[in-house]
Every structure is written in structure tokens, then in C-alpha cells.
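Dear colleague,

I am passing on the structure below, and my notes on it follow. Please read them with the structure open beside you.

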Amino acid sequence: MSGDDDSSGWQLTESDPGVFTELLKTLGVPLVVDDLYSLDADSVAELQPLHALIFLFKWVGGESNEPSSGGQYDPEFTGFFAHQVVNNACATLAVMNAIGNIPGLKMSPQLAELLSFTAGMDPQTSGMAITSSDWLREAHNALSPPSAISLEGLDLPKTTEDAYHFIVYIPHAGSVYELDGLKQAPVRHGTYSESGEGWIARAREVIQARIATYPPGAIEFSLLAVHDDPIPRLQNQLAQLQTAGRQSEAAEIIVKLSNENAKRERWAFENSLRKHNYFGFIHALLLNMAKAGTLEAAKEGAKKALQERIERKKKGENMDED
């Protein structure tokens with residue numbers, strides 16, 4: 001969640017699978033994150049084994065501190081849980097609350113040392129230890145757009161912007177848990193059966209119950225799946241099928257591998273755009289427009305377009321086309 005200015009050096013990040021996957025890569029964790037547009041059995045099956053679900057939703061101040069969707073606080077939770085103690089860190093905190101509860105997970109020595117250091121700490125102290133980690137903050141900020149303009153000291157009026165918050169759903173000790181860094185303790189949502197879909201079946205019920213509390217047609221939330229990187233598995237399947245001479249099945253695997261590699265290339269490109277500083281380009285563009293005598297007309301056109309956008313927003317019209 002982002003607030004006024006209590007960020008302690010943590011910058012805002014996007015809710016994007018490429019951003020989360022790049023962060024996991026930096027942490028030495030061999031997992032990836034994908035958008036999950038549906039919780040139906042087929043969609044979930046494609047991402048198995050699935051270790052955690054990250055739910056993003058619009059945060060509203062003054063919300064009840066009671067557990068959501070009929071869950072119960074579990075102050076005796078035996079896994080890893082950290083509170084969110086600074087703004088803008090909730091994305092990385094959600095990742096930490098997820099991967100800190102995956103048994104036997106491979107990770108970088110730095111991350112392993114940090115999690116080991118927090119062992120036995122209460123959630124508030126764990127949150128302070130996590131957000132005080134310089135290297136973790138740098139990894140988080142590396143995927144945030146650079147800022148070269150400071151508005152401090154200009155006495156500009158403060159504006160209220162929508163704030164969004166990340167929480168995590170995980171399986172732990174035979175139960176489904178909700179880990180929300182703004183809650184006092186993990187929320188236990190009951191046990192699950194190891195047969196069938198396992199913990200996902202119970203998590204689906206909890207998440208759907210939460211989504212049902214939003215007005216019909218609301219789109220102010222998204223769901224991300226944390227799962228094993230499928231590329232090594234697909235490569236092994238391809239090698240086995242080619243050795244066995246099963247070329248038609250191998251061709252299907254080749255298509256899946258191609259799609260996965262194309263997705264990684266797109267993520268890498270988008271992340272490079274996020275990290276690039278465009279101020280030099282913008283300055284040069286405006287300078288050349290001024291020299292060509294087109295800047296004033298462009299400025300007036302932009303003002304007109306902005307005013308039209310404001311009027312449409314007041315009327316509640318859809319803004320997607322912008």
C-alpha cells in the first residue's frame with residue numbers, strides 16, 4: 001500500500017508479473033509469477049505446482065481490522081510473517097511472506113541469511129528487519145521508474161490518490177492462510193484436503209468470497225500466481241519425447257517453450273523501459289518542438305484533451321481508450 005510520504009526510501013512498483021519475476025530472480029529464487037485471470041480448475045492446473053497466490057486490491061482507509069471471509073486470526077502461526085511498517089514496500093513484503101513459507105526453496109545466500117536473522121522475531125520486528133535491508137530495498141527500487149524531479153518545497157496542495165495493497169494466500173501446516181502485512185496476525189481459513197486440487201480448492205472459495213464483497217463489475221483487484229518455472233520441465237519433456245521419436249508431441253512442447261521464451265523476452269523489454277530515464281529525451285523533444293514553432297499548439301491541444309478527460313471522468317465514463 002502507498003500512503004503520503006512514509007516510504008523510507010522504498011519506491012512504488014507495478015503489479016506486473018514481469019516485475020515480480022525479475023525480483024524473484026534477483027533474490028535467487030527459481031520461481032515465476034503469472035497473471036491468473038480465472039480460478040477455474042483448468043487455468044490453475046496449467047500453473048502447477050502453485051505455491052502462493054498474491055491478491056491485489058484497492059485499499060480503503062478505516063477498513064475493519066477483523067479477519068476477512070470468515071477466517072480467524074492465528075497468533076500461534078509457525079511460519080514466516082512480517083508486518084508492513086513502511087509505505088510502498090507491500091509488493092516486496094508480499095513476496096517475502098510468500099517465499100518465506102515454501103519449504104526447501106532455493107534462494108540466494110543474502111536472502112537465506114535475512115530470513116534466518118528474522119527467525120523467532122515477532123511480525124513487527126520482522127517487518128522492520130525486512131524493510132531496513134539496504135540490498136533488498138535496492139532490488140525493489142531497481143524495477144521502479146527513475147525520478148529526476150523533486151516537488152519538495154513548492155508548497156503544492158496534497159492530492160489523494162487510490163492506494164492498492166497486496167496480500168498473500170498460502171498453504172501451511174494443512175491449512176490455507178491469508179498473510180496481510182497490515183493485519184495483526186496471519187488469518188487461518190480452515191483446513192484443506194490433499195486430494196484433488198489440494199489447497200487451491202479452499203483458497204478459491206476464500207478469494208471468491210472476498211471478490212463478492214465488491215460492487216458488481218468492479219475491476220479494482222487482480223490475482224497473481226507464484227509457481228515453479230516451467231521452462232526446465234518443458235525442456236526435459238522435449239528431450240524425452242525427441243529421444244522416443246514422438247515428434248508430434250514434441251512439437252506441442254516446442255510451441256509451449258516458444259511461448260514461454262517470448263514472454264520472458266517481453267518481460268525483459270518492459271522492465272528495461274521501466275528502468276529507463278526519459279527526461280533527457282523529453283527535454284530534447286520539447287526543445288526541438290519549440291524551435292519548430294509547434295510547442296504552443298501541442299500544449300493547447302494537451303490542455304484541451306486533459307479537460308475533456310476530466311469532464312468524462314466526472315460523468316463516470318470509461319477511460320480505457322486513453
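For the helix packing described further down, axes are lines fitted to C-alpha atoms, for helices over the stretch in contact, with angles running from 0 to 180 degrees between N-to-C directions, and contact means heavy atoms within 4.5 Å. This is a predicted model, in which local features need pLDDT of at least 70 and side-chain atom pairs count only at pLDDT 80 or more, whereas totals for chains, interfaces and linings use all residues. Residues are numbered from 1 along each chain as its sequence is written, and side-chain values use heavy atoms, with hydrogens and water left out.

The chain has 11 helices and 7 strands, taken as DSSP runs numbered from the N terminus (helices H or I, at least four residues; strands E, at least two). An open sheet of 7 strands follows the order β1-β7-β2-β4-β5-β6-β3 with antiparallel pairing, where two strands pair if DSSP finds at least two bridges between them. Because β1 (31-35) and β3 (72-73) stand at the edges with a single partner strand each, one side of each is left without a neighbour in the sheet. Within the sheet, β4 (residues 163-172) is joined to the antiparallel β5 (residues 175-179) by 5 bridges, and His172 stands opposite Ser175 in β5. Helix α7 (residues 199-211) lies across β2 (50-59), β4, β5, β6 (187-191) and β7 (221-228), and runs at about 5° to β2.

Turning to burial, Leu273 lies in helix α9 and counts as partly exposed because its relative accessibility is 36%, while buried residues make up 39% of the 322 residues in the chain (buried is under 20% relative accessible area, exposed over 50%, partly exposed in between, with a 1.4 Å probe and protein chains only).

Best wishes
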